[in-house]
Amino acid sequence: HEIERDLRLALAAGDQFDVHYQPILDRDGSLFAAEALLRWPGAPGGPVPPELFIAVAEESGMIEELGLWVLREACAFAQQMALPKISVNVSAVQLRSVRFTADVLAVLEDTGLPPERLELELTERCALDSGAATHRNLKDLRAAGVMIALDDFATGHSLLQYVRDFDIDVIKIDQSFVSRLGSVDGTDQVVRALVDLGHAMGLEIIAEGVETEAQREALIGIGCHIFQGYLLGRPLSREAFRGAGFPQA
Ligand code: G
Ligand code: G
Ligand code: MN
Ligand code: NA
């Protein structure tokens with residue numbers, strides 16, 4: 001596998017990856033959080049989409065090292081920038097590791113970021129296993145004050161089961177729902193039901209992939225007040241994110 005070999009070399013070289021940051025804004029336009037998104041700009045064969053190289057890293061035992069690197073970068077940036085919150089995507093493979101919680105807590109300790117300002121995004125797509133290690137990690141991380149978000153909400157098979165089993169704090173309504181608001185029959189009612197359900201369960205709700213003002217307004221009408229998407233801002237390099245000067249509440 002060519003990507004696997006290049007990825008191994010890039011990890012060993014150490015300076016081949018970047019983290020971009022996408023703003024998540026509240027209704028007033030204040031910064032609620034930023035999501036860290038991994039990039040591999042120096043990939044030898046030209047740009048490789050993160051979905052692809054992350055999948056390769058998962059299959060070939062490199063995701064733990066790569067994921068820990070992203071976490072360290074993102075927490076250091078959040079602390080340096082005094083971000084209200086930093087959201088970091090975590091692979092189901094990382095969650096299965098018995099060392100994961102200790103690694104996360106060490107990063108928080110080293111960077112000085114308080115646990116309440118770290119949010120880990122688990123994706124509903126890649127079946128979270130209900131193994132003992134995954135449960136233990138989520139329980140211990142939450143007990144330490146780290147926030148747990150469920151990404152791509154309502155695209156998987158068992159959304160309510162995850163919310164129940166994993167003690168979730170935040171759900172992120174998937175872009176496939178947001179993009180159909182106001183156009184496809186019934187979508188608005190489905191999203192309203194998801195938002196009502198989430199609120200009834202005491203969850204925070206973020207809408208993803210918000211691209212138009214009409215979508216933002218529809219979401220406000222439905223009761224969802226936290227937004228991520230190209231309308232609010234694209235993923236930005238550290239420098240560009242700093243330069244954009246998003247207002248903080
Ligand atoms: O912005 P975008 O094209 O980067 O992201 C593509 C996909 O890659 C998304 O599903 C996102 O969750 C995932 N992703 C981006 N960065 C990371 C990361 O650091 N770790 C993991 N596990 N997934 C990531
Ligand atoms: O799976 P996850 O939600 O982590 O992935 C976030 C992905 O969505 C990233 O690839 C990011 O670049 C992308 N993204 C963020 N906002 C928008 C948007 O408004 N429209 C589209 N099409 N993609 C977006
Ligand atoms: Mn995400
Ligand atoms: Na998502």
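This report walks through the ligand and metal sites of a predicted model, then a few residues elsewhere in the chain.

Some ground rules come before the tour. Residues are numbered from 1 along each chain as its sequence is written, while chains are lettered from A and ligands numbered from 1 in the order in which they are written. Because the model is predicted, local features need pLDDT of at least 70 and side-chain atom pairs count only at pLDDT 80 or more, though totals for chains, interfaces and linings use all residues; side-chain values use heavy atoms, with hydrogens and water left out.

## Around ligand 2

Let's start with ligand 2. What surrounds ligand 2? A shell of 14 residues does, and the closest are Asp151, Gln175, Glu208, Glu211 and Tyr230. A residue belongs to that shell if one of its heavy atoms lies within 4 Å of the ligand. Sorted by type, the shell has 3 nonpolar, 5 polar and 6 charged residues. In this sorting, Ala, Val, Leu, Ile, Met, Phe, Trp, Tyr, Cys and Pro count as nonpolar, Asp, Glu, Lys and Arg as charged, and the others, Gly among them, as polar.

Some side chains make polar contacts with the ligand (a polar contact is a pair of N or O atoms within 3.5 Å; within protein, one must be able to donate a hydrogen and the other to accept it, and residues adjacent in sequence count only if both atoms are side-chain atoms). Here are the distances:

| Residue | Atom of ligand 2 | Distance |
|---|---|---|
| Glutamine 22 | nitrogen | 3.0 Å |
| Glutamate 35 | oxygen | 3.1 Å |
| Glutamate 208 | oxygen | 2.6 Å |

How much of ligand 2 does the protein bury? Taken alone, ligand 2 exposes 520 Å², and the protein buries 77% of that. Accessible areas come from the Shrake-Rupley method with a 1.4 Å probe, and for residues only the protein chains shown count as cover.

## The metal ions

Glutamate 35, which has a polar side-chain atom 3.1 Å from an oxygen atom of ligand 2, turns up again at the manganese ion (ligand 3). Which protein donors does the manganese ion have? They are Glu35 (OE), Asn89 (OD1), Glu121 (OE) and Asp151 (OD), lying 2.0 to 2.5 Å from the ion. Donors are N, O and S atoms within 2.8 Å of the metal (3.2 Å for Na, K and Ca); water is not among the atoms, so sites may look incomplete. Along the chain, the manganese donors are spaced as E-x53-N-x31-E-x29-D.

Aspartate 151 has a second job to show: it bridges the manganese ion (ligand 3) and the sodium ion (ligand 4), and those two ions lie 4.4 Å apart. Glutamate 35 sits in strand β2 (residues 31-39) and aspartate 151 in strand β5 (residues 147-153), so the pair ties together parts that are 116 residues apart in sequence. Helices (H or I, at least four residues) and strands (E, at least two) are DSSP runs, numbered from the N terminus. Are glutamate 35 and aspartate 151 buried or exposed? Both are buried, where buried means under 20% relative accessible area, exposed over 50%, and partly exposed in between (1.4 Å probe, protein chains only).

Glutamine 175, one of the closest residues to ligand 2, is found in helix α8 (residues 175-178). With 44% relative accessibility, glutamine 175 counts as partly exposed.

## Two unusual backbones

Right after aspartate 151 comes aspartate 152, also in strand β5. Aspartate 152 has a positive phi of about 50° although it isn't a glycine, and it is buried at 8% relative accessible area. Aspartate 167 has a positive phi too, about 55°, and isn't a glycine either. Where is aspartate 167? Its place is the loop between α7 (159-166) and β6 (170-173), and at 44% relative accessibility it counts as partly exposed.

## Cysteines and other buried spots

A disulfide is a covalent bond between the sulfur atoms of two cysteines. Counting pairs of cysteine sulfur atoms within 2.5 Å, the model has 0 disulfides. Cysteine 75 is buried at 0% relative accessibility, and cysteine 224 is buried at 1%.

Alanine 78, in helix α3 (residues 63-80), is buried at 0%. Isoleucine 86, in strand β3 (residues 86-90), is buried at 0% as well. Glutamine 215 belongs to helix α10 (residues 213-222) and is buried at 9%.
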